[in-house]
Amino acid sequence: MPQANVLIIDDEDDIRLLLSRILKLEGYSVVTAATGKEGLSKAFAADFHVCICDVRLPDSNGLQLTADMRATKPEMEVVQLTAEGSIVDGVQAIKAGAFDYLMKGDDNNRLIPLVERAAEKSKAQYKLRYIEKQNEAAHGFDKIVGRSPQILRSKQLAQQVAPTEATVLITGPTGTGKEVFANAIHYTSVRKRESFVAINCAAFSKELLESEMFGHVAGAFTGATRTKRGLFEEADGGTIFLDELGEMDAGLQARLLRVLENGAFMKVGSTTEQRVDVRVIAATNRDLLAEAQAGRFRLDLYYRLSTFVVDLPALVDRAEDIPLLAQLFIDTLAPAMKSGVRGMDRDFQQALLRHPWQGNVRELRNFIERTLILSSSEKLSAKDLPIGFGESNTAQSHPGGASDPSGLTSLPATALSEVEQLHIERVMTMVSGNKSRAAELLRIGLTTLYRKLDEYGLKDKL
């Protein structure tokens, strides 16, 4: 196996020297200490995979030392050295958190296999800790950008509830980052090593949503040829995020309430009850209390969900965060898109501040992404903005009143085709003619892209 780091703590010089020589010959990196105090200091100063520690040390109790090291260095495995024939010491060592024990002078043949197993387990623990840190860095509260009092308050509430087992209801307008908050709560909770499963309740019909959430048995309905695990089962031990909960059918609301109360549910078509241990984080852009009072949402479910509420502000209510978020999106999107844009000038920022942002943070991110595709400058400026963008705080809208998150509605109708052609041209250049990737970035079907290329005479040009 690859090299592992071993710490040996024993007050007998001969024992330290013997164990050190044996392990070094096997390719291990070895550090030794003669006292408990010295060993503890070295254990905390570096990362070791295995510690071989005498049970009886002149300045400390080896069992207590094991407990102390396991509490602060949980990835390191401890193997206790006991006096010959002292089974009691070995049993106590295991209870104190040791991986195993060795008897002095009688277990030399067990040394290498035992250290190898302990090192393998330790390396797995270190790898898991690394993954946890990566997940927390990618999804934790540090990813929530903003310094406005409104977002800081929401962040503080979420950080307070994260270590608990409480059900959380995240409210706020569409696009404010409810799933970002749900991820942060999960990845800073005690459940962070388990699954985080998300489902959009508005994306399925009642029947499909029930099957997705709770699973079904073979033959439960036409097309159910085999038994399927539901998302609650997949999230067992972890967290399930129910987005757009206000869209859930009343019948499913009753089933969800039962899961929240005692963890019990039945698969579709089954008569056997199952139980899961799942933390529920729900999100909605609706006023669920008003919905409940109007008879469209179960009042008992609302009270069960609203044990702890985290309300997210609309982007216009935290306007001071807009430049920070815009720069974040430039920093993260530009390298992936091979764009030379590194920032934005004051006029561009001022235009962002004047825009209504009805689609909130999601709309801002999409707008920055499109602008990066169209811009050829190092800094985004007013010339990169659609005509009329940010000129008024009045919401721009499509015919019929639907909001336009793109900010392009003020362009003259005769110019739209030119903008589309330029947009497609630049995306195709950016992806070096890869049509599948271009269609993905443009969020259109491949067939549609081919038609557009032919329509604008770009098929042979690119």
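Analyst: Contact means that heavy atoms lie within 4.5 Å of each other. The model discussed here is predicted. By that cut-off, Gly39 touches Leu7, Ile9 and Ala33, leaving out residues up to four places away in sequence.

User: Where is Gly39 found?

Analyst: Gly39 belongs to helix 2, which covers residues 36–45.

User: Why is Gly39 called buried?

Analyst: A residue is buried if its relative accessible area is under 20%. The value for Gly39 is 0%, so Gly39 counts as buried. Gly39 also has a C-alpha to C-alpha distance of 9.1 Å to Cys51, which is 12 residues away in sequence.

User: What is the strand order of the sheet that contains strand 1 and strand 2, and how do the strands pair?

Analyst: The order is 2-1-3-4-5, in an open sheet of five strands with parallel pairing.

User: What makes strand 2 and strand 5 edge strands?

Analyst: Strand 2 (29–33) and strand 5 (100–103) each have a single partner strand, so one side of each has no neighbour in the sheet. On average, neighbouring strands of this sheet are turned by 20° against each other, with direction ignored.

User: How do you know that strand 1 and strand 2 are paired?

Analyst: Two strands pair if there are at least two bridges between them. Strand 1 (residues 5–9) and strand 2 run parallel and are joined by five bridges, so the condition is met. Within this pair, Leu7 stands opposite Val31 of strand 2.

User: Which strands does helix 1 touch?

Analyst: Helix 1 (residues 13–25) packs on the sheet and touches strand 1, strand 2, strand 3 (50–54) and strand 4 (77–82). The direction of helix 1 makes about 170° with that of strand 2. Helix 3 (residues 62–72) lies across strand 1, strand 3 and strand 4, and runs at about 175° to strand 4.

User: How do you know that strand 4 and strand 5 pair?

Analyst: The test is at least two bridges. Four bridges link strand 4 and strand 5 in the parallel sense, so they count as paired. In this pairing, Val79 has Asp100 of strand 5 as its bridge partner.

User: Why are both faces of strand 5 described as covered?

Analyst: Asp100 and Leu102 are on one side of strand 5, Tyr101 and Met103 are on the other, and all of them are buried.

User: What is the strand order of the sheet that contains strand 7 and strand 14?

Analyst: This open sheet of five parallel-paired strands has the order 7-10-13-6-14. Strand 7 and strand 14 stand at the edges, since each has a single partner strand. Neighbouring strands here are turned by 15° against each other on average, direction ignored.

User: How do you know that strand 6 and strand 14 pair?

Analyst: Strand 6 and strand 14 run parallel and share three bridges, and at least two are required, so they pair. Ile170 stands opposite Val310 in strand 14.

User: How do you know whether the length of helix 6 agrees with its number of residues?

Analyst: At 1.5 Å a residue, the 13 residues of helix 6 (residues 149–161) should span 18 Å, and the end C-alpha atoms are 19 Å apart, which agrees.

User: Which residues of helix 6 are buried, and where do they lie around the axis?

Analyst: Ile151, Ser154, Lys155, Leu157, Ala158 and Val161 of helix 6 are buried. They cover an arc of only 160° around the axis, so they lie on the same side of helix 6. The elements covering them include strand 6 (168–171), helix 7 (178–187), strand 13 (279–284) and strand 14 (309–311).

User: Why is Asp384 called buried?

Analyst: The cut-off is under 20% relative accessible area. Asp384 is at 15%, so Asp384 counts as buried. Asp384 sits in the loop between strand 16 (379–380) and helix 16 (416–430). Outside four places in sequence, its contacts are Thr371, Ser375 and Lys379.

User: What makes the link between Asp384 and Ser375 a polar contact?

Analyst: The limit for such a pair of N or O atoms is within 3.5 Å. The side chains of Asp384 and Ser375 are joined by a polar contact of 3.3 Å.

User: Why is Glu369 called buried?

Analyst: Glu369 has a relative accessible area of 12%, and under 20% is what buried requires, so the word applies. Glu369 is in helix 15 (residues 360–374). Leaving aside residues within four places in sequence, Glu369 is in contact with Leu333, Met337, Leu441 and Arg443.

Note on methods: Residues are numbered from 1 along each chain as its sequence is written. This is a predicted model: local features need pLDDT of at least 70, side-chain atom pairs count only at pLDDT 80 or more; totals for chains, interfaces and linings use all residues. Side-chain values use heavy atoms; hydrogens and water are left out. Helices (H or I, at least four residues) and strands (E, at least two) are DSSP runs, numbered from the N terminus. Axes are lines fitted to C-alpha atoms, for helices over the stretch in contact, and angles run from 0 to 180 degrees between N-to-C directions. Buried means under 20% relative accessible area, exposed over 50%, partly exposed in between (1.4 Å probe, protein chains only). The expected span of a helix is 1.5 Å times one less than its number of residues. The arc is that of the directions from the helix axis to the C-beta atoms. A polar contact is a pair of N or O atoms within 3.5 Å; within protein, one must be able to donate a hydrogen and the other to accept it, and residues adjacent in sequence count only if both atoms are side-chain atoms.
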